Amino acid sequence: MSLENSGVPAGEPLVVVDHVVKHYGDFVALNDVSLTVDKGEVVVLIGPSGSGKSTLCRTINRLETITSGDIRIDGESLPQEGRKLAALRAEVGMVFQSFNLFSHKTILDNVTLAPVKVKRMPKKEAEDLAHTLLDRVGVGAQADKYPAQLSGGQQQRVAIARALAMQPKVMLFDEPTSALDPEMINEVLDVMVRLAAEGMTMIVVTHEMGFARKAADRVAFMSDGEILEQAPPEEFFSRPRTDRAKDFLSKILTH
Ligand SMILES: Nc1ncnc2c1ncn2[C@@H]1O[C@H](COP(=O)(O)OP(=O)(O)OP(=O)(O)O)[C@@H](O)[C@H]1O
Ligand SMILES: [Mg+2]
């Protein structure tokens, strides 16, 4: 299956976060955040707890409204609501820490549900696509089971297949491995590394620095609702520029 489904205008990155501010009451969760992600690029977001990583992902997917600024996907501004929003949201796949599969539906049904309901894909076509994607993430044999019959790592790979079934232009991952037992982390990261190698545009919140080194084109470091620095992983890990990034790295790299 081709991942080349973007007609992004020449010169405009696929994802543009343009001076975005997000308030929760008086609290400023995102303070003038700008970030661009080119088609096929993989950006890892890291930073201390509460720095705004999840909030940024949720605004890009319009699970949160923004206070000011603009977010464009493939040249189109994200509307705050309405049918156009549903269509644009389908272009952004999201994978969370908790897998959120429908427990009373089979694995196959979990993956076909959105393409059939939202995209009006014929059932047979959606099932063929689902089988292809489930094979691709290594859980093709589990298609007729229910989520509770799968391991956490298998369920998270199903969640990735489910997001891919909408043929998104960009995939957001918010700490996709942090709820998993250690032995299952790599099977999920391997799928993500492969996706990246196949050219998927990805924004990934993770503390897995091995993944960042292997798959990221760029690391963006967030602190207190701001992106303080961005650099290729080798450069960021060996020569962080800000004291806050140095402090953060000294804490996580000693564990
Ligand atoms: N719905 C909300 N209402 C009020 N404050 C919120 C809400 N959601 C997030 N916040 C606050 O916004 C800040 C950023 O939260 P966010 O979840 O984006 O951080 P994070 O970087 O993802 O942290 P973590 O690493 O712990 O997941 C936090 O201080 C949080 O308490
Ligand atoms: Mg978070």
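Tutor: A crossing of two helices is called right-handed if the near helix is turned clockwise from the far one by less than a right angle, and left-handed if anticlockwise. The model discussed here is predicted.

Student: Which hand does the crossing of H3 and H4 have?

Tutor: Helix H3 spans residues 107-117 and helix H4 residues 123-136. Their axes come within 9 Å. By the clockwise rule for the near helix, the crossing of H3 and H4 is right-handed.

Student: Is H3 parallel or oblique to H4?

Tutor: The axes of H3 and H4 cross at roughly 125 degrees. Angles of 65 to 115 degrees count as roughly perpendicular and those over 145 as roughly antiparallel. The crossing angle therefore makes H3 oblique to H4.

Student: Which element gives the largest share of the shell around ligand 1?

Tutor: The residues around ligand 1 include Phe27, Ala29, Lys53, Ser54 and Thr55. Strand S2 (27-37) and helix H1 (53-60) are the elements that give two or more residues to this shell. The largest share, 3 residues, comes from H1.

Student: What is the distance from a polar side-chain atom of Thr55 to an oxygen atom of ligand 1?

Tutor: Two other side chains also have N or O atoms facing ligand atoms in the list of distances: for Tyr24 the partner is a nitrogen atom of ligand 1, at 3.4 Å, and for Lys53 an oxygen atom, at 2.8 Å. For Thr55, the distance to an oxygen atom of ligand 1 is 2.5 Å.

Student: How much of the accessible area of ligand 1 does the protein cover?

Tutor: On its own, ligand 1 has 640 Å² of accessible area. The part covered by the protein is 59%.

How values were computed:
Residues numbered from 1 in each chain as written. Chains lettered and ligands numbered in written order. Predicted model: local features only at pLDDT ≥ 70, side-chain atom pairs only at ≥ 80, totals over all residues. Heavy atoms only, no water. Near = heavy atom within 4 Å. Polar contact = N/O pair within 3.5 Å; in protein donor to acceptor, adjacent residues only side chain to side chain. Areas by Shrake-Rupley, 256 points an atom, 1.4 Å probe, with all protein chains shown as cover. Helix = DSSP H or I, 4+ residues; strand = E, 2+ residues; numbered from the N terminus. Axes fitted to C-alpha atoms, helices over the stretch in contact; angles between N-to-C directions. Parallel < 35°, antiparallel > 145°, perpendicular 65-115°, else oblique.
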